[in-house]
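The following exercises invite the reader to examine a structure step by step. Each task is followed by a worked solution.

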Amino acid sequence: MIDFVSRLLRWYEQHRRNLPWRNYLDSYAIWVSEIMLQQTRVETVIPYFERWMERFPTIQSLAAASEQEVLAVWEGLGYYSRARNLHRAAQVVVERFEGVLPSSVEALQRLPGIGRYTAGAIASIAFGQDEPVLDGNVRRVYARLFDVNLAVDSREGEAELWKLAAEYLPKGRAGEFNQALMDLGAAICLPRRPRCLLCPIADSCLARQRGVVEERPVRLPQVNTPHYVQSAAVIVKRGRHGLCTLLAKRPSEGLLGGLWEFPNGRVDGEEPARGLASTLREQYRLEVQVEAGLGMIRHAYSHFRVTVHVFQAKLLRPLYRAREQRDASLKWVSFSDLGEYPMGKVDRRIATTLLTRCMS
DNA sequence: CAATCGTGGAC
DNA sequence: TGTCCAAGATT
């Protein structure tokens, strides 16, 4: 095995991407970027990172913000537990570490939202410690470089790859090396049609020597994603500050946790309009009359798909203020305030359509 | 510990 | 239209 480590480091010096978080000296910026980059592409993260650092420039400012505001800035990035965990972790750091992010992987990994990868990334990149990382890029690069035939998402494969990541880590340059592996995976050692002719360590690549680059990494078979049908209600009234619409807040755990949505429910197998009235009665104790269909939205989440039928509906019984206060999950929201209520993609589409319509 | 958790781009 | 998959963590 030729020395791929020094060649990779040399390649990185010349091809290092100029990413926003690489221009900060602050460990907080590295932390934010690593959380945002979990399962998310660099190009997607960049504008979110810039906005986030503008709105929450310090750990203290993040800790002091409301969850609603944090989620609003995160809206559209997905995996919203990342935002809630980052928010909580900032509060822990302020309360227990005097606002200073700890530097050891052990302490980092005790903070919500920081697992083995992220702890290694922060420790090596922000604090210069000799800690390995294993992300999707490193998995792919090492699975090819060492021709690992274990499934990378199996327990044995994971253990083998972490072992390799630690074994070849150059002492004193772990941060650079980890980023070099990830940049190589993102620019050269691509999942499909890897650019082996441009690869600085192609000579060392066992999978290439054996002609099985595109067969690596091996993955466990994936399960089929189910398909659900939902109906959602757009319920509008005239308030003293103009038009309002009824929104529901989702529970803070689980899918789209803490986000707002138009009252909805599953109507699998039923007539969408009839199913809407009954599901709203069951889930929110709302009595509505469906008035008109507004359209249909198809959407894919990570492990299922939905078709959402959207209806205009009117309340048959008013929503009493006492109940609106007691049951904070239901709220009349002025059209002009809709932007402050964090929503998932489907509901943001509905909200935007609603605003567009009422302008004309 | 296998299932859960979003969204967008590439092909 | 469908499938893969991306700087993973949590339960």
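A polar contact is a pair of N or O atoms within 3.5 Å. The model shown is predicted.

**Exercise 1. Describe how the protein meets DNA strand B, starting with the polar atom pairs.**

Solution. Step 1: apply the cut-off to the backbone. A polar backbone atom of Leu255 is 3.4 Å from a phosphate oxygen of DNA strand B. A polar backbone atom of Leu77 is 3.5 Å from a base nitrogen of the strand.

Step 2: turn to side chains. An N or O atom in the side chain of Thr40 is 3.1 Å from a base nitrogen of DNA strand B.

Step 3: consider the surroundings. There are 20 residues around DNA strand B, and Tyr79, Tyr80, Leu256, His303 and Lys345 come nearest. By class, the surface near the strand has seven nonpolar, nine polar and four charged residues.

Step 4: look from the side of the DNA. Sugar or phosphate accounts for 61% of the atoms of DNA strand B within 4 Å of the protein, and bases account for the rest.

**Exercise 2. Determine whether the end-to-end distance of helix H1 agrees with its number of residues, and describe its packing.**

Solution. Step 1: helix H1 covers residues 4–15, which is 12 residues. The expected span is 1.5 Å times one less than the number of residues. For H1 this gives 16 Å, and the end C-alpha atoms are 16 Å apart, so the two values agree.

Step 2: inspect the N-terminal end. Asp3 caps H1 there, with a side-chain oxygen 3.2 Å from the backbone nitrogen of Val5.

Step 3: identify the buried residues. These are Phe4, Val5, Arg7, Leu8, Leu9, Trp11 and Tyr12. They pack against H9 and helix H11 (174–187).

**Exercise 3. Is Asn137 buried or exposed, and what does Asn137 touch?**

Solution. Step 1: locate the residue. Asn137 belongs to helix H9, residues 136–145.

Step 2: apply the cut-off. Buried means under 20% relative accessible area. Asn137 has 17%, and is therefore buried.

Step 3: list the neighbours. Leaving aside residues up to four places away in sequence, Asn137 touches Leu181, Met182, Gly185 and Ala186. Its side chain also makes a polar contact of 3.2 Å with the side chain of Asp135.

**Exercise 4. Is Ser334 buried or exposed, and what does Ser334 touch?**

Solution. Step 1: Ser334 is found in strand S7, residues 330–334.

Step 2: its relative accessible area is 10%, so Ser334 is buried.

Step 3: with residues up to four places away in sequence not counted, Ser334 touches His241, Leu243 and Cys244.

How values were computed
Residues numbered from 1 in each chain as written. Chains lettered and ligands numbered in written order. Predicted model: local features only at pLDDT ≥ 70, side-chain atom pairs only at ≥ 80, totals over all residues. Heavy atoms only, no water. Near = heavy atom within 4 Å. Polar contact = N/O pair within 3.5 Å; in protein donor to acceptor, adjacent residues only side chain to side chain. Nonpolar A, V, L, I, M, F, W, Y, C, P; charged D, E, K, R; others polar. Helix = DSSP H or I, 4+ residues; strand = E, 2+ residues; numbered from the N terminus. Buried < 20%, exposed > 50% of the residue type's maximum accessible area, 1.4 Å probe, protein only. Contact = heavy atoms within 4.5 Å.
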